[in-house]
Amino acid sequence: MANHCKSKEKIANEAIKRALRSLRKRHLNEEGAHDAAFASLSRPIVSQGSEWKEKAESLQVELQQCYKAQSRVSEQLVVEITESRTLKALVQEKETAVADLQKELTEARDECMQLKKDLEDKIKSLELILSENAELKTQLEQMTIRAKNAETENKTLVDRMMLEKMKDAEQLNEANQLYDDMIKQLKASGLEKLARQQIDGIVRRSEEGANIFLESNIPSTCKHRLQAHEGGCASILFQCNSNKLITGGQDRTVKVWDTDSGSLISNLYGCLGSVLDLTITNDNRSVIAASSSNNLYVWDVNSGRVHHTLTGHTDKVCAVDVSKVSSRHVISAAYDRTIKVWDLLKGYCINTIIFHSNCNALCFSTDGQTIFSGHVDGNLRLWDIKTGKLLSEVAAHSLAVTSISLSRNGNVVLTSGRDNSHNLFDVRSLEVSGTLKAAGNRVASNWSRSCISPDDKNVAAGSSDGSIYVWSASKGDIVSTLKEHTSSILCCAWSGLGRPLASADKNGVVCIWT
């Protein structure tokens with residue numbers, strides 16, 4: 001483009017030069033012609049004067065036309081020069097644009113080369129990943145095959161274990177039969193009282209000592225504040241006729257405390273999940289824990305060793321209780337929609353009750369023949385322990401039942417629910433004899449446990465704000481509000497001696513109240 005414009009300008013300049021030379025030549029020629037004319041005119045020839053005059057005038061006119069033509073050519077030359085300069089500037093702009101485009105093209109080529117290089121690297125990485133994935137897939141298939149083989153072997157081992165357990169059960173049954181024969185012989189020899197003590201596993205020092213009773217006091221002061229467990233403490237209870245407190249927590253431990261001094265007496269290890277509920281036999285020899293590991297654990301308190309691991313539930317076990325008549329029978333409820341009855345002497349389940357609504361809490365009746373159960377659907381149900389049949393049920397709460405406690409005389413059962421109410425039922429009629437509420441009382445979880453005082457006069461329940469409310473069972477009014485905890489209360493327990501009251505929260509803190 002630039003070369004073309006330069007060539008055009010050169011041609012224009014040469015054309016102008018040629019025109020100027022032609023005009024000068026013509027002018028010189030005309031002057032020569034005029035010289036001859038003037039010479040002839042100078043001669044005194046009168047007859048030719050007018051002719052030469054006309055010719056001079058014609059030539060003058062022609063000269064003026066030449067000047068005009070020269071002027072037009074000059075103007076055209078100026079225009080051509082202006083256009084040439086404009087074109088030259090335009091060419092320079094185009095050259096600059098072309099240089100910029102050339103630079104951008106170079107950058108684009110470099111970027112394209114870099115992207116091409118990155119693409120090649122990505123393709124190599126992808127090929128490596130695909131190779132690793134194929135290798136991992138092969139390993140996964142191998143591990144799957146091994147897992148299936150292990151599962152098959154495990155099933156075989158479980159079947160063998162169950163067979164061995166059945167053999168052990170048969171041997172235990174034979175031993176029990178021999179034991180029964182010995183008991184009969186003891187009865188025949190006049191030792192009937194000793195035989196009765198051996199059968200139900202309860203050692204009674206005296207008839208009075210088995211049922212110590214003291215009037216309960218209304219607690220007002222926190223005597224001890226114990227950091228009992230790492231994580232929440234979901235269950236606490238007192239040993240029978242004792243001030244020793246047993247606690248179970250999310251740290252998978254069960255601990256025994258002296259509430260007089262606030263000191264730790266012993267630890268019970270062996271639980272493989274969080275402790276959700278506790279119970280203790282009437283002779284204080286065995287502690288039973290319900291666990292999130294789907295099992296129940298039975299410890300010998302004196303040795304601190306696990307005596308039994310009761311297996312059979314397929315989901316977390318959230319409630320447990322032991323018979324008040326015999327330390328032999330235990331009931332448990334789990335989130336597999338079953339309630340199981342266990343024989344501690346045999347070490348396995350002897351009856352299973354299946355129901356559509358999960359059970360959150362349960363307890364034995366005083367005669368050991370009836371099971372009270374509180375369910376997620378808000379109903380209180382009564383079951384026959386021997387047949388497993390449903391005896392009766394009543395709508396206790398509008399939301400899930402979280403706790404069931406039986407009064408000492410066995411005539412009243414206390415239920416707590418997620419509707420933040422606590423109901424007292426007459427066991428004989430299953431009619432509500434009292435409802436306890438408080439404006440600030442909020443039940444913290446599906447397993448928040450309330451309790452009745454040993455003299456059956458007061459009820460204690462914890463709240464999600466860390467407060468503990470104590471009501472008069474007969475009047476229904478609040479007689480005390482205890483504040484020491486900084487997190488939700490999960491459970492309360494009253495000593496069978498009437499004092500103290502204990503409470504535990506979701507941070508694992510246990511408070512002893514007097």
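How many of the 6 residues of strand β11 are buried? In this predicted model, the count is 5 of the 6 across residues 329-334, so β11 is largely enclosed by the rest of the structure.

**The strands around β11**

Let's look at who β11 pairs up with. On one side of the sequence there's β10, residues 317-322, which pairs with β11 in the antiparallel sense over 5 bridges. One of the matched pairs is Val317 with Ala334 of β11. The two strands make a hairpin, and 6 residues sit between them.

Then comes β12, residues 338-343, again antiparallel to β11, with 6 bridges joining the two. Here Ala333 has Ile339 of β12 as its bridge partner. This pair of strands is a hairpin too, with 3 residues between the strands, and Arg337 in that hairpin takes a positive phi near 65°.

Here are the two pairings in brief:

| Strand pair | Sense | Bridges |
|---|---|---|
| β10 (317-322) and β11 | antiparallel | 5 bridges |
| β11 and β12 (338-343) | antiparallel | 6 bridges |

**Ser450, in a loop**

Now for a residue outside those strands. Where is Ser450? You'll find Ser450 in the loop between β21 (431-436) and β22 (451-452). Is Ser450 buried or exposed? Its relative accessible area is 5%, and buried means under 20%, so Ser450 counts as buried.

The Ser450 side chain makes a polar contact with the side chain of Ser416, at 2.6 Å. Setting aside neighbours within four places in sequence, Ser450 is also in contact with other residues, including Ser403, Ser405, Leu414 and His422. Ala460, Ala461 and Cys492 are among its contacts as well.

Technical notes:
Residues are numbered from 1 along each chain as its sequence is written. This is a predicted model: local features need pLDDT of at least 70, side-chain atom pairs count only at pLDDT 80 or more; totals for chains, interfaces and linings use all residues. Side-chain values use heavy atoms; hydrogens and water are left out. Helices (H or I, at least four residues) and strands (E, at least two) are DSSP runs, numbered from the N terminus. Buried means under 20% relative accessible area, exposed over 50%, partly exposed in between (1.4 Å probe, protein chains only). A polar contact is a pair of N or O atoms within 3.5 Å; within protein, one must be able to donate a hydrogen and the other to accept it, and residues adjacent in sequence count only if both atoms are side-chain atoms. Contact means heavy atoms within 4.5 Å. Two strands pair if DSSP finds at least two bridges between them.
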